[in-house]
Amino acid sequence: MAPARSRLAAAVGVVALLLAVITGTAAGAASAAPLAAPAVAAPHVSPGWVCPGTPIPAGWVITQRAPAACNQAGAWYMQPVQDGIWTCATSPIPPGYVITMHNAVGCSGIDSWFLQLVRPAQWTCAGSPIPPGYVNTGHMDSGCGNIGSWYMQVAHAGLWMCPYQPVPAGFRQGAPNASMCSGLGGWYLIAA
């Protein structure tokens, strides 16, 4: 009878252990601390074709388009951003990059943009992000394939700032001048 009781006790112990593993609780008087959720590894991302609606990871851009792919919905080729890269107009623009050239028929018939890392004293296309600490100080209607371009500089007191942009932190607008920015007007930038 003793051997049967010890086998029964062992079986009950195994069942209790399995239940503890499955439910995350310990059997008996003492309770184990809850288990931390296992770390979820970031999905492996590699350059390649994706269908519409696929999230583009941070720091990646869309560089090509295949109009007939994905059951005629079109497909996009994504890859990591780099300084000096042509992207489709539908591509995200990662922080620290600006649009410096435009091609109206690039990317299989839709617009494409040339992205570069932001630099002081740089011409950018209309619609380009203005990174923190920079201001547009000049304008040219015919730039960037006739969509317009803006001359961007590091903000400092004494610059004439063009309209249609936020005043950077640490500065305020001074006197206006209607003749600045190719006649669009502008404001004198003053340290706050």
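Which residues form a disulfide with sulfur atoms 1.9 Å apart, one of them being Cys51? In this predicted model, the partner of Cys51 is Cys70, and the sulfur atoms of the two residues lie 1.9 Å apart. This pair belongs to a set of four disulfides found by a search of the whole structure. When the bonded cysteines of the protein chain are numbered in sequence order, the pairing reads 1-2, 3-4, 5-6, 7-8.

The disulfide between Cys51 and Cys70 has a torsion of about -85° about its S-S bond, and it is therefore left-handed. Cys51 is placed in the loop between strand S1 (48-50) and strand S2 (60-66), while Cys70 is placed in the loop between S2 and strand S3 (75-80), so that the bond ties together parts that are 19 residues apart in sequence. With regard to solvent, Cys51 is partly exposed, its relative accessible area being 38%, and Cys70 is likewise partly exposed, with a value of 23%.

A further disulfide joins Cys88 to Cys107, with an S to S distance of 1.6 Å. Here the torsion about the S-S bond is about 60°, so this disulfide is right-handed. Cys88 is part of strand S4 (residues 85-88) and Cys107 is part of helix H2 (residues 106-109), and the pair therefore links a strand and a helix across parts that are 19 residues apart in sequence. Cys88 counts as buried, at 0% relative accessibility, and Cys107 is also buried, with a relative accessible area of 12%.

The disulfide of Cys125 and Cys144 brings the sulfur atoms of these residues to 1.9 Å apart. Its S-S torsion is about -80°, and the bond is therefore left-handed. Cys125 lies in strand S7 (residues 122-125), whereas Cys144 lies in helix H3 (residues 143-146), so that this pair, too, ties together parts that are 19 residues apart in sequence. Both residues are classed as buried, Cys125 with a relative accessible area of 1% and Cys144 with a relative accessible area of 13%.

Taken by their surroundings, the pairs described above can be set side by side. Cys51 and Cys70 are located in loops on either side of strand S2, whereas Cys88 and Cys107 are located in strand S4 and helix H2, and Cys125 and Cys144 in strand S7 and helix H3. As to handedness, the disulfide of Cys51 and Cys70 is left-handed, that of Cys88 and Cys107 is right-handed, and that of Cys125 and Cys144 is left-handed.

Note on methods. Residues are numbered from 1 along each chain as its sequence is written. This is a predicted model: local features need pLDDT of at least 70, side-chain atom pairs count only at pLDDT 80 or more; totals for chains, interfaces and linings use all residues. Side-chain values use heavy atoms; hydrogens and water are left out. A disulfide is a pair of cysteine sulfur atoms within 2.5 Å. Helices (H or I, at least four residues) and strands (E, at least two) are DSSP runs, numbered from the N terminus. Buried means under 20% relative accessible area, exposed over 50%, partly exposed in between (1.4 Å probe, protein chains only).
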